[in-house]
Amino acid sequence: MLSCQSVGMSLSEIRAILHRGEAGRAEVIAARLSAIRAQRTSLDSAEKFLLHVRECRHDLMTRCPECSEYAG
């Protein structure tokens with residue numbers, strides 16, 4: 001159960017996947033995987049933005065096309 005909580009599952013989601021034969025189990029797992037993938041994409045974008053900002057030579061972020069791209 002702790003491993004399910006560590007991947008962000010709610011108690012109702014955990015109850016839905018505990019037993020292999022539970023109706024809707026595959027859908028709950030698919031939804032959690034989708035959420036994790038979306039979070040990964042968001043975190044990757046945030047990392048790219050911060051790595052760029054750290055090295056950006058523009059005096060204002062709004063003057064940098066790359067910084068502005070991340071805002072969009």
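# Notebook: a look through a four-helix model

**Entry 1, His 52.** I started with His 52, which lies in helix 3, the stretch covering residues 25-55. A note to self before going on: this is a predicted model. Is His 52 buried or exposed? I found a relative accessible area of 16%, so His 52 is buried. I then looked up what it touches, setting aside residues up to four places away in sequence: His 52 touches Cys 64, Glu 66, Cys 67 and Tyr 70.

**Entry 2, the overall fold.** Next I stepped back to the whole protein. I counted four helices and zero strands. Reading along the sequence, I wrote down the pattern as α-α-α-α.

Then I checked the dimensions. The C-alpha atoms fill a box of roughly 60 × 20 × 15 Å along the principal axes. The radius of gyration is 19 Å, whereas a compact globule of 72 residues would have one near 11 Å.

How much of the protein is buried? I got 17% of the 72 residues. For the surface, I noted about 5,800 Å² exposed, with carbon and sulfur atoms supplying 56% of that area. I also looked at contacts with a separation of 6 or more: residues 24 or more positions apart account for 10% of them.

**Entry 3, helix 3.** Back to the helix that holds His 52. Helix 3 has 31 residues, and I read 46 Å from its first C-alpha to its last. That is close to the 45 Å expected at 1.5 Å a residue. Which residues of helix 3 are buried? They are Val 28, Arg 32 and His 52.

I went through some alanines in this helix as well.

- Ala 26 is in helix 3, and I have it down as exposed because its relative accessibility is 54%. From Ala 26 to Glu 69 is 37 Å, C-alpha to C-alpha, with their positions 43 residues apart in sequence.
- Ala 31 also has its place in helix 3. Its relative accessibility of 44% makes it partly exposed. The C-alpha atoms of Ala 31 and Glu 13 are 9.9 Å apart, and the two residues are 18 apart along the chain.
- Ala 35 is another one found in helix 3. At 33% relative accessibility, I count Ala 35 as partly exposed. Ala 35 and Glu 22 are 13 residues apart in sequence, and their C-alpha atoms are 21 Å apart in space.

**Entry 4, Cys 4 and the core.** I moved to the start of the chain. Cys 4 lies in helix 1, residues 2-6. Its relative accessibility is 15%, so Cys 4 counts as buried. Which residues does Cys 4 touch, not counting those up to four places away in sequence? I found Met 9, Ile 14 and Ile 17. For Cys 4 and Ile 17 I also noted the C-alpha distance, 9.4 Å, with 13 residues of separation in sequence.

Those contacts led me to the largest nonpolar core, which has six residues: Cys 4, Met 9, Ile 14, Ala 16, Ile 17 and Val 28. Helix 2, residues 11-17, gives the most to this core, with three residues. As a general reminder, nonpolar side chains tend to be buried together in soluble globular proteins. Val 28 is a core member that I had already listed among the buried residues of helix 3.

**Entry 5, the cysteines.** Last, I checked for disulfides, since anyone at the bench would want to know. How many disulfides are there? I count zero.

Cys 56 was the one I looked at in detail. Cys 56 is buried, because its relative accessibility is 18%. Why does Cys 56 have no bond to Cys 64? The closest cysteine sulfur to that of Cys 56 is in Cys 64, at 3.7 Å, which is too far for a bond. The cut-off I used puts the two sulfur atoms within 2.5 Å of each other. Cys 64 had already come up in my first entry, as one of the residues His 52 touches.

Technical notes
Residues numbered from 1 in each chain as written. Predicted model: local features only at pLDDT ≥ 70, side-chain atom pairs only at ≥ 80, totals over all residues. Heavy atoms only, no water. Helix = DSSP H or I, 4+ residues; strand = E, 2+ residues; numbered from the N terminus. Buried < 20%, exposed > 50% of the residue type's maximum accessible area, 1.4 Å probe, protein only. Contact = heavy atoms within 4.5 Å. Core = buried A, V, L, I, M, F, W, Y, C linked by side-chain atoms within 4.5 Å. Rg over C-alpha atoms; globule rule 2.2 N^0.38 Å. Areas by Shrake-Rupley, 256 points an atom, 1.4 Å probe, with all protein chains shown as cover. Expected span 1.5 Å × (residues − 1).
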